[in-house]
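Welcome! Please take a look at the sequence and the 3D structure below, and then join a short tour of some of the places worth visiting.

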Amino acid sequence: MPVLGVESSAHTLGIGIVDEGRILANEKIMYKIRSGIIPMRVADFHARNSAVLLKRALRKAHVGIDDIEAIGYTKGPGLGPCLRVGQVIARTIAVERGLPLYPVNHAVAHIEVTKHLARFNDPLALYVSGGNSQILAIAGEPFRHYHIYGETFDIGVGNMLDSFAREAGLIPAWGTSVEKAALGGSYIEMPYTVKGMDFAFTGLLTHAAKVLSKNSIKNVAFSLQETAFSMLCEATERALLLTHKKELVVSGGVAQSSRLREMLGMVAKEHNVKFYAAPNEFNSDNGAMIAIVAEKMHNFMDKPGLDECTIEQRYRVDKVKVGWP
Ligand code: FE2
């Protein structure tokens, strides 16, 4: 029976429907960011579009609301007012229909949808989005969860690329405009900060913004991107060697970068590890990834009480109990 997932943690409202792992619908609508995100305005946008999007998703999946068996929504991390809209949509349908409701962690959903599409069992995951950059894999102690092997000391790689894009007069879009601007560029030296499996991006951002006045956008964008992605690859390679995982995935908004995929593919090949990156529709925020995890929770875990179905702006990925295979 179909499971519905609602994603609303940031500027995208997504509604997905899955049935036994098959993705029947993955509809989304995106608030256009001009200079920065004003959470209340985005939440208002999500609220205004929720009914239309729900109808669109049901139509696409060829199911009626009566066919839905369970509902998932993004509990966090994300922007409070935006998360609240998704939670209210999901909770309202669940209560009205008497359906089980599942709170889903956004980062877990990004990794799980990638793992699901790859048909991998136990990958090491590089999760790269606006606010986050982490290297994760399932660990057993004290409970089964995604352990963070490495992460950014300061900002996420996506926000770093977006801040640079704004400085350079480009459109901020998780690195896609920087990637375009970087084509054919030459390397200028940049600060490189990796400590073990952790990394930091603010020094790199400050330096890149500073040298923009004396160099072409193309060369600075190229050097910034090569340096940031090399840092991520070095830390990921170290985590692969430590964990002995035989599968590697990259997930999240920045996983849409073809250059990052190419570099990680080279790392994986070097160590004889399988590598997968999902199609872009699953790396940008989407409802199908929430439905995928909700279906797994529905099949393998206890049904949470409504009082547990809250929102949490800083919902850490390593706090989530992974009760499915
Ligand atoms: Fe995301």
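This is a predicted model. Let us begin at Asp 285, which has a relative accessibility of 13% and therefore counts as buried, since buried means under 20%. Asp 285 is also one of the protein donors of an iron ion: the others are His 106 and His 110, each through NE2, while Asp 285 uses OD, and these donors lie 2.0 to 2.2 Å from the iron ion. Along the sequence, the spacing of the donor residues reads H-x3-H-x174-D. The pair of His 110 and Asp 285 links distant parts of the chain, 175 residues apart. His 110 belongs to helix H3 (residues 106-118), whereas Asp 285 is in the loop between helix H9 (280-283) and helix H10 (287-300). His 110 is buried too, because its relative accessibility is 1%.

**Helix H10**

Just past that loop comes H10. At its start, a side-chain oxygen of Asn 286 reaches to within 3.3 Å of the backbone nitrogen of Ala 288. Do the numbers for this helix fit together, and what span should its 14 residues have? At 1.5 Å a residue the expected span is 20 Å, and the end C-alpha atoms are 20 Å apart, so the two agree. H10 is largely enclosed by the rest of the structure, because 11 of its 14 residues are buried. Among them are Gly 287, Ala 288, Met 289 and Ile 290, and also Glu 295 and Lys 296.

**The nonpolar core**

Which residues have the most contacts inside the largest nonpolar core? They are Val 157, Met 160, Phe 164, Phe 201, Phe 229 and Leu 232, in a core of 46 residues. Several elements each supply at least two residues of this core, including strand S6 (124-128), strand S7 (133-139), helix H4 (157-167) and helix H7 (217-243). The largest share, 11 residues, comes from H7.

**Aromatic rings**

The structure holds three aromatic pairs. One of them is formed by Tyr 31 and Phe 45, and its geometry is edge-to-face, with 5.4 Å from centre to centre and 75 degrees between the planes. This pair, too, links distant parts of the chain: Tyr 31 sits in the loop between strand S3 (22-30) and helix H1 (39-61), and Phe 45 is in helix H1, 14 residues apart. Tyr 31 and Phe 45 are both buried. In another pair, the ring centres of Phe 199 and Phe 201 are 5.7 Å apart and the planes are at 50 degrees, so this pair is tilted. Phe 199 and Phe 201 are buried as well. A ring also features in a contact with a charge: the charged end of Lys 75 sits over the ring of Tyr 315, 4.7 Å from its centre.

**Around strand S1**

Val 6 lies in strand S1 (residues 3-7). With a relative accessibility of 1%, Val 6 counts as buried. Val 6 and Lys 28 are 22 residues apart in sequence, and their C-alpha atoms are 9.7 Å apart in space. Ser 8 is in the loop between S1 and strand S2 (12-19). Ser 8 counts as buried because its relative accessibility is 1%. What does the side chain of Ser 8 reach at 3.3 Å? It is the backbone nitrogen of Gly 86. A polar atom of the Ser 8 side chain also lies 2.7 Å from the backbone oxygen of Cys 82.

**Backbone details**

Most residues other than glycine have a negative phi, and most peptide bonds are trans. The table gathers some places in this model that depart from that pattern.

| Place | Feature | Value |
|---|---|---|
| Gly 76 and Pro 77 | cis peptide bond | omega about -5 degrees |
| Glu 141 to Pro 142 | cis peptide bond | omega near -5 degrees |
| Glu 20 | positive phi | about 50 degrees |
| Arg 119 | positive phi | near 60 degrees |

Where do these places fall along the chain? Pro 77 lies in the loop between strand S4 (70-76) and helix H2 (80-97), and Pro 142 is in the loop between S7 and strand S8 (145-151). Glu 20 is in the loop between S2 and S3, while Arg 119 is in the loop between H3 and S6. Glu 20 is exposed, with a relative accessible area of 69%, and Arg 119 is exposed with 74%.

Key: Residues numbered from 1 in each chain as written. Predicted model: local features only at pLDDT ≥ 70, side-chain atom pairs only at ≥ 80, totals over all residues. Heavy atoms only, no water. Phe/Tyr/Trp six-rings, centres within 6.5 Å; stacked < 30°, edge-to-face > 60°. Helix = DSSP H or I, 4+ residues; strand = E, 2+ residues; numbered from the N terminus. Buried < 20%, exposed > 50% of the residue type's maximum accessible area, 1.4 Å probe, protein only. Lys NZ or Arg CZ within 6 Å of the ring centre and 35° of its normal. Donors = N, O, S within 2.8 Å, 3.2 Å for Na, K, Ca; no water. Expected span 1.5 Å × (residues − 1). Polar contact = N/O pair within 3.5 Å; in protein donor to acceptor, adjacent residues only side chain to side chain. Core = buried A, V, L, I, M, F, W, Y, C linked by side-chain atoms within 4.5 Å.
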